[in-house]
Amino acid sequence: MAALGEHACWATRPLLPVVQAWELDARRWVWALRRSPVKVVFPLGQVVERKPGPGKQPRKAAAEAGPRKQRLKQSCQVPPSQTPSTWEESGLRYDKAFPGDKRLSSVMTVVKSRPFWEKQGKVLLEGHRLIADALKAGAVPKVFFFSRLEYIKELPIEKLKGVSLIKVKFEDIKDWSDLVTPQGIMGIFARPDHVKMTYPETQLHHTLPILLICDNLRDPGNLGTILRSAAGVGCSKVLLTKGCVDAWEPRVLRAGMGAHFQVPIINSLDWEAVPNYLPTDTCVYVADNCGLYTQAQAQAQAQMSNKASDYGWVCDRRPLTFHKYEEEEENLESAANKGWLPELEAQSYDSDWTEAPAAVVIGGETSGVSLESLQLAESTGGGRLLIPIVPGVDSLNSAMAASILLFEGKRQLQVRAEHLSRDGSYH
């Protein structure tokens, strides 16, 4: 009986470790099962095959099918835009100027010195609107200085690639700015070329067969205002002869208010080259500065009819002078005596002078128009355009005279177009 009990005790001993091991390792096996293995091998040698769930593939098959699925997915997707939509996606970076940084002062010294800006071909633009117009027209920026990151983020991202972006203090911009109220952003651009510029579609759609020639205009404010009028009228282009102030001078840019990027401007032309920029059959008209010839003709008309004097076509009695790039000046009366003064017919500014493509010459307030402009007007069959003012009143400001003549030309073209459309409707 004792032997039987001892045998029974011996038979049950091997079972205890197995049961205990199963209980101790149960958590580990349960954790392993959660990983969804392909096979499960139990301690007793049992092997359990796990079938993949619905829609699942074995790991090897999934790895093989993965690249095919990605290629199929990429082929079905619409490729994203190549242009980054945000500042962060574009990867643009800017430098922050620290105290003592001389980059702004060194650049401004170059840009604000005429010999340097002409030699290096750089122009300075201030303000968000002017810079945005320049970028839209295709001007090439080199450096931007700004006081707040928001100012630079408002510009087109694609136009800023490869441009040096430097954040400076607003006080530094204020010290170098020509504006009364600086806007916190300044840009250095390569000198724009009218051939490479892209002008607004609305401007091109409203272009008129009227061209403006500036003759020895030296006042930056007047030239900027004239450019605004030319852009507002829809001039096809503006020609600047030698002796005029540089159209890209900072004060001209400020007075132009973006007109530089709305109408083609050709700078510093010799009079011999001016005809190359005129359309075929163009008639050149000179804005009369109330010289002796004009005064004599107006007085003769006044004697024959009261209309001239009634309208005040007799202007001030200052003689019209001529110049050739400031090398020599001659009085109109002595020039007429010598016989080399071109004889041009004087006509009222509101007479019809836009039947053919027309070019208007505006002279400087100090010296008036040049002899070369009169010769060009004579050779093209043009004449003088006289703006009536009250006798005794000084001659008009150059910008004012240019605006009057250009908008009068536009009015004549509009009236002619209305008459043609009316006549066509009758037929």
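Which residue is the bridge partner of Asp 95 in E6? In this predicted model, that role falls to Ile 166. The bridge belongs to a short parallel match: E3 and strand E6 (residues 164-167) are held together over two bridges.

Zooming out, E3 and E6 sit in an open sheet of five strands, ordered E3-E6-E5-E7-E4, and the pairing is mixed. Strand E3 (95-96) and strand E4 (122-126) are the edges, each pairing on one side only. Two helices go with this sheet. Helix H6 (residues 103-111) lies across E3, E4, strand E5 (141-146), E6 and strand E7 (185-190), and runs at about 55 degrees to E7. Helix H8 (residues 128-137) packs on the sheet too, touching E4, E5 and E7, with its direction at about 30 degrees to that of E7.

As for the nonpolar interior, the largest core has 61 residues, and Phe 144, Ile 152, Phe 189, Leu 212, Cys 214, Phe 261 and Ile 362 have the most contacts inside it. Phe 261 is worth a closer look: neighbours within four places in sequence aside, its contacts include Leu 125, Leu 130, Ala 134, Pro 192, Met 197 and Trp 248. Apart from the largest core lies another, of 18 residues, with Ile 266, Val 286, Val 361 and Val 369 among them.

Now for the chain as a whole. The protein chain has 18 helices and 16 strands, and 39% of its 427 residues are buried. Of the contacts between residues at least 6 apart in sequence, 77% join residues at least 24 apart. The accessible surface comes to about 25500 Å², with 54% of it belonging to carbon and sulfur atoms.

Technical notes:
Residues are numbered from 1 along each chain as its sequence is written. This is a predicted model: local features need pLDDT of at least 70, side-chain atom pairs count only at pLDDT 80 or more; totals for chains, interfaces and linings use all residues. Side-chain values use heavy atoms; hydrogens and water are left out. Two strands pair if DSSP finds at least two bridges between them. Helices (H or I, at least four residues) and strands (E, at least two) are DSSP runs, numbered from the N terminus. Contact means heavy atoms within 4.5 Å. Axes are lines fitted to C-alpha atoms, for helices over the stretch in contact, and angles run from 0 to 180 degrees between N-to-C directions. A nonpolar core is a set of buried Ala, Val, Leu, Ile, Met, Phe, Trp, Tyr and Cys residues joined through side-chain atoms within 4.5 Å. Buried means under 20% relative accessible area, exposed over 50%, partly exposed in between (1.4 Å probe, protein chains only). Accessible areas come from the Shrake-Rupley method with a 1.4 Å probe; for residues, only the protein chains shown count as cover.
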